Amino acid sequence: MALARPWRNRWPGRRAATDLVLGSVSSDDAGVGSATNSTSMQVGGSIGVAVICSVLSTRYQHVMHTTLAGCSVPAAAANAILGSIGGAPAVAHRGSGLLGEALAASARFGFMSGSRVALSVDAAVTGAGVLLVLALLPSRPDKPDVKAVSPAEPPGTRDALVCRAGDER
């Protein structure tokens, strides 16, 4: 976590996105706009990571199921291979010769294939989000008409002047 933290604020679009959100609300609602912006970034990031990892894992498992089809593999080894992306290299390391190398190569292929599909899904969702924002987000809030108003007298000023005038009589 400590290694990822310095990169957190270096996304070039983050400042523009924040300015866009906060610029679209009045100064009275700046706190609400800031909270909405922070919440949407956190929830969106969490959902994004979950979707990307789910797509990657599904594609990886599909490749590994295809690789293991027709092979006699012990149940514990099959569970390790299909259970996590790190499981196949661990089993391949214990295996011998060409079988271990083929399993490791298949795991690498499954991971890269899953990454390619997951990042393609990510790019499509990001593009759709950009189009949605451009279509629906107002450029600026409607501002009320400002009428020229003379400065108001502080409360009680006129009465105080009358009382003073009356006290002098």
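User: What does Gly 70 do just after H2?
Analyst: This is a predicted model, and in it Gly 70 takes a positive phi of about 85°.

User: And H2 itself, how many residues has it and how far does it reach?
Analyst: H2 has 39 residues. From first C-alpha to last it spans 56 Å, close to the 57 Å expected at 1.5 Å a residue.

User: Which of its residues are buried?
Analyst: In H2 the buried ones are Gly 33, Asn 37, Leu 56, Tyr 60, Val 63, Met 64 and Leu 68.

User: Leu 68 caught my eye. Which residues lie nearest the centre of the second largest pocket?
Analyst: Leu 68 is one of them, along with Val 73, Ile 81, Leu 99 and Leu 103. The lining has 17 residues in total.

User: Which elements give two or more residues to that lining?
Analyst: Helix H2 (30–68), helix H3 (75–83), helix H4 (87–94) and helix H5 (97–136). The largest share comes from H5, with 4 residues.

User: How much space lies in that second largest pocket, and what is its lining by class?
Analyst: About 310 Å³ of space lies in it. The lining has 11 nonpolar residues, 5 polar and 1 charged.

User: On to H5. How far does it reach?
Analyst: H5 covers 58 Å from its first C-alpha to its last with 40 residues, and that is close to the expected 58 Å.

User: What do the buried residues of H5 pack against?
Analyst: They pack against H2, H3 and H4. Leu 103, one of the residues nearest the centre of the second largest pocket, is among the buried residues of H5. Others in that buried set include Gly 100, Ala 104, Ser 106, Gly 110, Ser 113 and Ala 118.

User: Where is confidence highest and lowest in the chain?
Analyst: Highest in H5, at a mean pLDDT of 90, and lowest in helix H6 (residues 157–168), at 52. The chain averages 78, and 73% of the residues score at least 70.

User: Stepping back, how many helices and strands are there?
Analyst: The chain has 6 helices and 0 strands. From the N terminus on, the order is α-α-α-α-α-α.

User: How much of the chain counts as buried?
Analyst: Of its 169 residues, 15% do.

User: And what share of the contacts with a separation of 6 or more comes from residues 24 or more positions apart?
Analyst: Such residues account for 56% of those contacts in the chain.

Definitions and conventions
Residues are numbered from 1 along each chain as its sequence is written. This is a predicted model: local features need pLDDT of at least 70, side-chain atom pairs count only at pLDDT 80 or more; totals for chains, interfaces and linings use all residues. Side-chain values use heavy atoms; hydrogens and water are left out. On a 1 Å grid over the protein atoms alone, a cavity is a set of points where a 1.4 Å probe fits but cannot get out, and a pocket is an open set with protein on both sides within 12 Å along at least five of seven lines; lining residues have an atom within 4 Å of a point. Grid points are joined across faces, edges and corners, and a volume is the space filled by probe spheres set on the points. Ala, Val, Leu, Ile, Met, Phe, Trp, Tyr, Cys and Pro count as nonpolar, Asp, Glu, Lys and Arg as charged, and the others, Gly among them, as polar. The expected span of a helix is 1.5 Å times one less than its number of residues. Buried means under 20% relative accessible area, exposed over 50%, partly exposed in between (1.4 Å probe, protein chains only). Contact means heavy atoms within 4.5 Å. pLDDT is the predictor's confidence in each residue, from 0 to 100.
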